[in-house]
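Please look over the sequence and the structure shown here before reading on. The report then moves from one place on the surface to the interior and to the chain taken together.

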Amino acid sequence: MAIFIGKFHWGLLFLGLLVLTSGSHFNKTFKLEEVVSENFAALDGYSHAVSPNGKSYSLSIENPLSIFPSGDNSPSCEGDLKGIGSLNTTCQLNTSLHLEKDLFISGRGNLEILSNVSVICPIAGCLVHINISGDFKLGQYTSIVAGTIVIDAQNVSLEDSSSLNTNALGGAPPAQTSGTPHGIDGAGGGHGGRGASCTKGEGKDEGDNWGGDVYAWSTLSKPWEYGSRGGTTSIEKNLGGGGGGRIMIIASSILDVNGTISAEGGHVGIEGGGGSGGSIIIHSPKLKGIGSVSASGGTGWAGGGAGRIAIDCYSKQKSVKIMVHGGNSIGCLENAGAAGTMFDSVLQSLTVSNGNRSTLTETLLLEFPTYPLWSNVFIESHARVAVPLYWSRVQVRGQISLSEEATLGFGLEDYPFSEFELMAEELLMSDSTVKVYGALRMSVKMLLMWNSKLEIDGGADAMVGTSLLEASNLMVLKERSVICSNANLGVHGQGRLNLSGIGDTIKGQRLFLSLFYVIHVGSGSMLQAPLDEESESDLAPKLQCESDTCPEELIYPPEDCSVNASLSFTLQICRVEDIIVDGLVKGSILHVHRARTVVVNPTGSITASELGCKGGVGKGQVLSSGAGGGGGHGGKGGAGYFNNNLSKGGKEYGNVDLPCELGSGSGGGNSSSEGKTAGGGIIVMGSKEHPLWKLDIFGSVRADGESLEQVTECQTAELVGGSGGGSGGTLLLFLQTLTLANNSLLSTAGGSGGHVGGGGGGGGRVHFHWSSIPTGDEYVPIANINGTIFTRGGNGSDNGQAGSDGSISGKECPNGLFGLFCVECPVGTYKDVDGSDAALCLPCSPKELPYRAEHIYVRGGVTQSSCPYKCISEKYRMPHCYTPLEELIYTFGGPWLFGLLLSGLLVLLALVLSVARMKFVGNDDHSVPTTPHESQIQHSFPFFQSIDEVREINRAEESQSHVHRMYFMGPNKFGEPWHLPHSPPDQITQIV
């Protein structure tokens with residue numbers, strides 16, 4: 001026994017007691033005066049090893065840096081180690097050492113193990129500890145083999161083909177753990193990951209059984225446990241591979257790895273399971289090289305689980321390979337041992353990677369730290385990770401990344417009754433799967449999925465059957481990615497939800513999407529609720545098939561957009577600004593609430609077809625061997641006819657003015673559900689209080705009834721009558737504007753009757769409930785209709801009758817507007833009452849329309865009987881469309897009164913002129929004698945005398961005074977007003 005006082009190479013004093021006696025039991029405890037490293041200073045616990053003589057001993061660890069002493073009694077370089085030089089300067093080992101006990105090397109200089117030299121202690125748990133102040137170098141083709149290897153130096157260098165090897169040399173694993181499997185199945189040992197098992201239970205696969213279990217989760221960032229031995233296939237002896245050992249490397253400056261650092265489980269053949277990997281701790285400011293670090297599981301009949309590695313390096317080259325994959329399974333190639341863990345203490349991140357080895361065996365992640373939170377979790381390369389504990393929370397500050405066919409599972413398949421939380425900045429999934437048994441509460445800023453699946457099995461417990469997925473900034477599904485729940489599923493966000501293309505799907509029994517700015521359903525992608533397959537689970541939505549009244553929540557839905565299983569919706573999109581559909585949106589009762597715009601592009605479709613009731617209020621009559629009558633709804637179902645038996649079609653039901661009923665189904669002579677058809681579902685867009693601002697349809701919106709084309713036979717292969725077609729469902733649209741483009745379709749058609757003799761289903765109902773219809777000068781068209789609206793009944797088969805057509809209705813239009821789409825009444829008509837019937841547009845009164853006028857267009861239609869008009873030409877004047885002369889005439893009472901008045905004026909004017917002539921001309925003599933003819937004229941026409949006298953007046957007199965008298969011809973009527981003829985009358989021909 002030796003007592004010594006040594007000096008740690010960082011200048012820390014410690015007191016140690018060392019007892020080195022081969023084959024004797026010892027216990028030692030060392031304590032540093034201060035914490036050397038924050039990451040390794042508080043590793044409390046017990047590590048167990050085996051002494052050279054096979055007896056067990058224990059190390060009580062308060063600090064892994066202080067469990068191994070250094071001092072003046074360290075072996076000498078030349079004497080004990082058979083090397084050259086001194087440990088206080090430079091020691092070179094040029095001779096291999098074969099040890100039978102632990103080895104402690106301490107010094108203030110450098111240590112170099114030259115090429116082709118080995119230091120071997122082939123005893124499980126054997127310890128080799130090197131603690132020097134200078135540099136440590138391991139030459140080419142050089143190795144140190146032991147159960148535990150600890151190297152503490154300024155710089156550590158492993159050259160090409162060198163190795164630190166603790167493979168299969170681990171001591172005993174911690175007490176009360178089950179890392180070594182029981183039985184003789186040859187299962188793998190467990191540690192960081194479970195060992196594989198190639199034994200299948202009844203009705204199960206290899207993944208439902210496993211070998212050794214995991215342990216040492218609590219020391220994930222500071223692992224210091226041995227791996228476990230694999231199981232055996234022999235009763236007589238243990239043929240399993242040994243567990244991996246432990247390696248700790250502390251380099252104050254640089255760790256240069258060009259060889260291998262290995263703590264792998266033991267490899268065996270078909271006679272036993274592989275051992276599990278051990279533990280590796282690396283602490284260095286810089287890690288570089290092209291070598292490898294491995295704590296992988298061993299190969300065996302069933303592969304061993306991997307161990308655990310902790311890396312504390314500020315600078316780390318990716319060229320150094322770090323491996324913690326499970327061992328290969330000879331007995332079940334697709335089920336290797338589970339991956340272990342690699343923890344980065346600087347980045348506070350966890351990596352679980354199985355090195356692209358396929359496995360059905362899981363790595364368990366137990367309780368996650370809450371302070372400080374980890375930064376990232378990476379699950380890669382076929383690793384299968386499980387979070388098995390009830391009510392577990394997985395929370396990190398950064399991202400959770402799954403790639404290369406990795407799997408993350410929550411809960412247990414046989415007990416899907418718990419809720420789990422996943423919180424991170426980002427959830428990134430590439431070719432991977434997240435499987436949840438229970439309910440999931442996910443909150444991330446970004447969810448990106450590439451060829452990945454998020455599957456939620458809600459079990460049968462409605463209390464935990466609702467999962468909520470929130471991606472506040474962005475949610476993108478690409479390359480056939482799927483989010484699926486067999487229970488209620490809520491998906492929320494504040495940014496964009498993008499289903500990019502073919503196969504990208506979000507579906508659930510009930511699906512609620514809310515609060516996104518934009519939802520884009522790409523071509524070939526799908527939103528769906530409920531699921532395709534029929535479910536008897538309490539979580540499956542129950543349709544109100546026996547009620548012909550409208551559920552209140554369809555007209556007045558709740559404002560909070562929360563997931564509410566008591567509501568009748570199966571798929572609701574709520575509080576989303578813009579919805580762009582290039583793919584398929586499919587639901588039994590589909591509701592779009594508090595949205596701004598919905599655009600259905602040519603490749604897009606919103607459908608509730610064949611998702612209504614298989615019975616219902618309007619169910620078609622079914623006879624035991626006859627054909628089924630079609631279901632009724634907006635129109636009666638057609639009667640079925642087979643073997644002289646007539647089956648009545650279903651009745652008409654529902655509210656024409658505000659419909660919101662499911663379509664009804666029918667059946668046939670075959671009583672099984674296979675012979676039944678379903679009616680159409682319900683699609684509601686908007687609500688009374690929050691109508692949709694704009695609906696643009698370039699594709700289709702459908703709620704058609706089901707057609708059953710197949711021939712129905714009974715169990716004796718005898719042909720029976722065909723099923724009746726299902727009736728169309730309901731399209732209830734609360735809108736402000738609608739565009740129905742060319743080749744687009746709105747349809748609630750009934751389904752066709754099945755062979756032979758099935759009756760056609762009745763048509764469904766379509767209702768347009770317009771909101772804030774502009775009127776008057778503010779009017780703009782609220783609909784642009786170039787597509788097709790179908791509510792026709794389905795065809796009957798053979799002698800089966802066709803179903804009746806359904807209904808198309810609209811909200812009553814205000815004054816001046818009429819029809820389904822509230823267009824303006826035709827020019828020349830007016831409408832002064834509310835309603836949509838074209839007959840309410842009455843012709844304007846012809847008595848109020850002037851002779852030369854026509855009615856004109858008025859924006860918003862004419863709302864009173866006095867219809868506006870305009871004159872047919874600008875030469876006519878409003879309001880009576882008269883010429884200026886006519887306007888003058890009618891100003892004075894019309895043609896007769898005006899003619900009489902004008903005649904009076906002319907007579908009065910003639911009298912005045914005659915009196916004036918007599919007064920001023922009087923008895924004046926005339927130098928020119930009058931002819932008898934002129935005298936006759938003067939006596940006959942005294943008012944022409946002034947004209948007669950004109951010839952005698954000279955130019956000077958003419959310029960002083962002159963009087964004209966004009967003679968007009970005609971009766972002065974509208975057809976022939978006063979006029980002057982082209983040639984004067986005979987009476988004045990000689991004068992003029």
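## A tyrosine at the surface

In this predicted model, Y415 has a relative accessible area of 46%, so it counts as partly exposed, the class that lies between buried, under 20%, and exposed, over 50%. Y415 is located in the loop that runs between β31 (407–410) and β32 (418–423).

Y415 also belongs to a nonpolar patch on the surface, where its companions are Y390, W391, L412 and F417. Taken together, the residues of this patch have about 560 Å² of accessible area.

## An enclosed strand and its partners

Strand β37, which covers residues 482–493, is largely enclosed by the rest of the structure, because 11 of its 12 residues are buried. Which strands pair with β37, and in what sense do they run? Strand β35 (residues 453–457) is joined to β37 by four bridges and runs parallel to it, and within this pairing K453 has V482 of β37 as its bridge partner.

Strand β36 (residues 466–478) is likewise parallel to β37, with six bridges between them, and here L469 is matched with V491 of β37. Strand β39 (residues 505–514) pairs with β37 over nine bridges, again in the parallel sense, and L489 has L511 of β39 as its bridge partner.

## The nonpolar cores

The largest nonpolar core of the model contains 90 residues, and those with the most contacts inside it are I483, I506, L527, I606, F768 and W770. Strand β34 (residues 433–450) supplies the largest share of this core, namely seven residues. Apart from this core lies another one, of 47 residues, which includes L103, I105, A295 and M342.

What does I483 touch, once its neighbours within four places in sequence are left aside? The contacts of I483 are L447, M449, L454, L469, M475, L477, L489, T505, I506 and K507.

## A buried proline in a loop

P75 is placed in the loop between β4 (56–61) and β5 (84–85). Is P75 buried or exposed? With a relative accessible area of 17%, P75 falls under the 20% limit and is therefore buried.

If residues up to four places away in sequence are not counted, P75 touches D80, L81, L87, L103, F104 and I105. In the case of I105, which is 30 residues from P75 along the chain, the C-alpha atoms of the two residues are separated by 6.2 Å.

## An open sheet with parallel pairing

Seven strands make up an open sheet, in the order β7-β10-β13-β15-β17-β20-β23, and their pairing is parallel. At its edges are β7 (97–98) and β23 (321–323), each of which pairs on one side only.

Within this sheet, strand β15 (residues 163–165) and strand β17 (residues 260–262) run parallel and are joined by three bridges. In this pairing, L164 of the chain stands opposite I261 in β17.

## The chain taken together

The chain has seven helices and 64 strands, and of its 992 residues 54% are buried. Among the contacts with a separation of 6 or more, 62% are between residues that are 24 or more positions apart. The chain exposes about 43,300 Å², and 52% of that area is supplied by carbon and sulfur atoms.

How values were computed
Residues are numbered from 1 along each chain as its sequence is written. This is a predicted model: local features need pLDDT of at least 70, side-chain atom pairs count only at pLDDT 80 or more; totals for chains, interfaces and linings use all residues. Side-chain values use heavy atoms; hydrogens and water are left out. Patches are made of residues with over 30% relative accessible area and no salt bridge: like charges are joined within 9 Å, nonpolar side chains (Val, Leu, Ile, Met, Phe, Trp, Tyr) within 5 Å. Accessible areas come from the Shrake-Rupley method with a 1.4 Å probe; for residues, only the protein chains shown count as cover. A salt bridge is a side-chain nitrogen of Lys or Arg within 4 Å of a carboxyl oxygen of Asp or Glu. Helices (H or I, at least four residues) and strands (E, at least two) are DSSP runs, numbered from the N terminus. Buried means under 20% relative accessible area, exposed over 50%, partly exposed in between (1.4 Å probe, protein chains only). Two strands pair if DSSP finds at least two bridges between them. A nonpolar core is a set of buried Ala, Val, Leu, Ile, Met, Phe, Trp, Tyr and Cys residues joined through side-chain atoms within 4.5 Å. Contact means heavy atoms within 4.5 Å.
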